[in-house]
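Trainee: I have a structure in front of me and some questions about its helices, its hollow spaces and one of its loops. Can we go through them in turn?

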Amino acid sequence: MSNPLYDTLFGRHAGKTTPFLHLENGTSLSHADFLARAAQLAHAMASLGVKPGDRVAAQIDKSPDALALYAACAQAGLVFLPLNTGYTADEVSYFVENSGAALFVCQDHRRDEMSALAQTAGAVLETLDQDRGGSLAERADRQSAEFETVARNRDDLAAFLYTSGTTGRSKGAMLTQENLLSNAQTLAELWQFTAQDVLLHALPIFHTHGLFVAVNVTLAAGGSMIFLSKFDLDFLLENMHRATAMMGVPTFYTRLLEDPRFTRDRTQHMRVFISGSAPLLAETHVQFEDRTGHRILERYGMTETNMNTSNPYDGERRAGTVGFPLPGVELKITDPASGDALAAGEIGQIEVRGPNVFKGYWEMPEKTAAELRENGFFITGDLGRIDDDGYVSIVGRDKDMIISGGYNIYPKEIELLIDDQPGVLESAVIGVPHPDFGEAVLGIVVAKPAETPESDQILKNISTSLARFKQPRKLIFVRELPRNTMGKVQKNLLRKEYENYTE
Ligand code: MLC
Ligand code: AMP
């Protein structure tokens, strides 16, 4: 009986007493101890009646136990559904309910806040905290450290990741074992990861980048990770000499560059710095090389597809591009209107096909059909071009989306909430340049005639429904929104008008 994802990423490290996770407190956890914990968590979930194929939603802090929960889901044949810890209960209730999760694991201090939504959704509620705290951890402590791996096929679902949409409703992207495994193996080989690698892991583990790229690639190669609970500049600087590789969003690299302590000496032990999730400015690329001698390796991916392209490990890492399609991944540029492939050099929508591309959106056949063609090509919503040498560049987005510090924010979701506020006629939410996060969220609001809604009150009202990172930094009141002849709000004009807006 086999379970390709578990066997390949986790099971084959059974019995290894070498460190897998180097923790902030100076201790480390071996592969064997990590797997024993995963087995205990798998038993704990089974004892709660969770069965193979069930979804397990988890909104928990980053910790060895949080990662072991992912391994436990793989071993028990459960579909892992990690959630951003910044989400409010309002946001979480949709995910738990929509996914039909059998189990919802939350932070211990939020148990009361989450109990009603778990009950409404019919999910068992358990808690998990750092340092092996919480009800699920306590239950796991009493279990056997060996669990019989549940048989799975490569085509079985391994994870759901929710991604918001331009209509404001989040969609559950269904990822199979094959999606995750093929991508991890391809990337590990391409980026030449080995068992000697030590990855500086400062990303959250509730998104593709931190979990399926950083963790899976390390596991596929048998390496280890310096596992930070969150991004911590001082810790990164002090510990970089122990690492060989780092993965981060562009904000990680701009923050490092802003610090004079970040010197060539500190990066001597490093083999590779990888960036993705948001555009890396060519200027950052150049500054980084000037300071350290390293050329950042930029790659491009998304929730629905894992990684699609990467700059080469050996060969020219070209600033401002995301490199070549990964082995096994087809990428073409098409005309958004006709769907026909465009010639090299022309700008159009990026479409991708390969073993990395997801199964579709959970219980949303129309949305799946609109974005995932019958021939297997997925319409990414990104606009790009391929140059004569085959390098892919992303030049914009066909979808209305803001990327702030690597987090995706869909304006529609915020506009719907603002428009609902007393005294508001309508609104447009845009991304404006931000020195740290790349883009920041700005709300442009039109009041109803003769009404004067208060900016602070609106922001306060929407804060209960919206994660902090999605909340507009400011609201600007205008008499009307610019519209084209079709009546569509011209966000490009608003972005231009407020491009120099600073907080
Ligand atoms: C935190 N804040 C943000 C923010 N992160 N605001 C906007 N955008 C963000 N990304 C806000 C907090 O709400 C808080 O607000 C204040 O900033 C400080 O919070 P913090 O927790 O101290 O922030 P910090 O730890 O510095 O976080 C910044 C960050 C983090 C860049 C380290 O956002 C991060 O880890 N980003 C990575 C995102 C990621 O993994 N993306 C991958 C998606 S997968 P206030 O007002 O309360 O002080 C994907 C596919 C692919 O896209 O290709 O990879
Ligand atoms: P997500 O929906 O969180 O998976 O985010 C995926 C989106 O992030 C992609 O569709 C792109 O718009 C963007 N993205 C990821 N990597 C890059 C990159 N290297 N350069 C520019 N945009 C990127």
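Mentor: One term is needed before we start: contact means heavy atoms within 4.5 Å. Keep in mind also that this is a predicted model.

Trainee: Leaving aside neighbours within four places in sequence, which residues is glycine 133 in contact with?

Mentor: Glycine 133 sits in the loop that joins strand 6 (124-127) and helix 6 (135-141). Its neighbours within four places in sequence are left aside. What then remains in contact with glycine 133 is Thr127 and Leu128.

Trainee: How far is the C-alpha atom of glycine 133 from that of aspartate 108?

Mentor: Along the chain, glycine 133 and aspartate 108 are 25 residues apart. In space, their C-alpha atoms are separated by 7.8 Å.

Trainee: Is helix 7 roughly parallel or roughly perpendicular to helix 8?

Mentor: Two packed helices are described by the angle between their axes and the distance between the axes. Helix 7 (residues 177-190) and helix 8 (residues 208-221) have axes 8 Å apart, at an angle of about 70 degrees. Angles from 65 to 115 degrees count as roughly perpendicular. Therefore helix 7 is, relative to helix 8, roughly perpendicular.

Trainee: How many nonpolar, polar and charged residues are in the contact of helix 7 with helix 8?

Mentor: The crossing of these two, helix 7 and helix 8, is right-handed. Helix 7 brings Leu180, Ala184, Leu187 and Ala188 to the contact, and helix 8 brings Phe212, Val213, Asn216, Val217 and Ala220. By class, the residues of the contact of helix 7 with helix 8 are eight nonpolar, one polar and no charged.

Trainee: Why does helix 10 count as oblique to helix 11?

Mentor: The axes of helix 10 (residues 250-258) and helix 11 (residues 282-292) come within 10 Å and cross at roughly 45 degrees. Angles under 35 degrees would count as roughly parallel, and roughly perpendicular begins at 65. The crossing angle therefore makes helix 10, relative to helix 11, oblique.

Trainee: Which residues make the contact between helix 10 and helix 11?

Mentor: Helix 10 passes helix 11 in a left-handed crossing. From helix 10 come Tyr253, Thr254, Leu256 and Leu257, and from helix 11 come Thr284, Gln287, Phe288 and Arg291.

Trainee: What is the volume of the largest cavity?

Mentor: The structure holds three cavities of 30 Å³ or more. The lining of the largest cavity includes Pro82, Phe95, Tyr162 and His207. That lining divides into seven nonpolar, four polar and no charged residues. The space in the largest cavity is about 90 Å³.

Trainee: Which residues lie nearest the centre of the second largest pocket?

Mentor: This pocket, the second largest, has a volume of about 340 Å³. Helix 2 (31-47) and helix 3 (64-76) each supply at least two residues of its lining. The lining of the second largest pocket divides into six nonpolar, four polar and six charged residues. Of the 16 lining residues, those nearest the centre are Leu23, Asn25, Ser63, Pro64 and Asp131.

How values were computed
Residues are numbered from 1 along each chain as its sequence is written. Chains are lettered from A and ligands numbered from 1 in the order in which they are written. This is a predicted model: local features need pLDDT of at least 70, side-chain atom pairs count only at pLDDT 80 or more; totals for chains, interfaces and linings use all residues. Side-chain values use heavy atoms; hydrogens and water are left out. Axes are lines fitted to C-alpha atoms, for helices over the stretch in contact, and angles run from 0 to 180 degrees between N-to-C directions. Helices (H or I, at least four residues) and strands (E, at least two) are DSSP runs, numbered from the N terminus. Angles under 35 degrees count as roughly parallel, over 145 as roughly antiparallel, 65 to 115 as roughly perpendicular and the rest as oblique. A crossing is left-handed if the near helix is turned anticlockwise from the far one by less than a right angle, and right-handed if clockwise. On a 1 Å grid over the protein atoms alone, a cavity is a set of points where a 1.4 Å probe fits but cannot get out, and a pocket is an open set with protein on both sides within 12 Å along at least five of seven lines; lining residues have an atom within 4 Å of a point. Grid points are joined across faces, edges and corners, and a volume is the space filled by probe spheres set on the points. Ala, Val, Leu, Ile, Met, Phe, Trp, Tyr, Cys and Pro count as nonpolar, Asp, Glu, Lys and Arg as charged, and the others, Gly among them, as polar.
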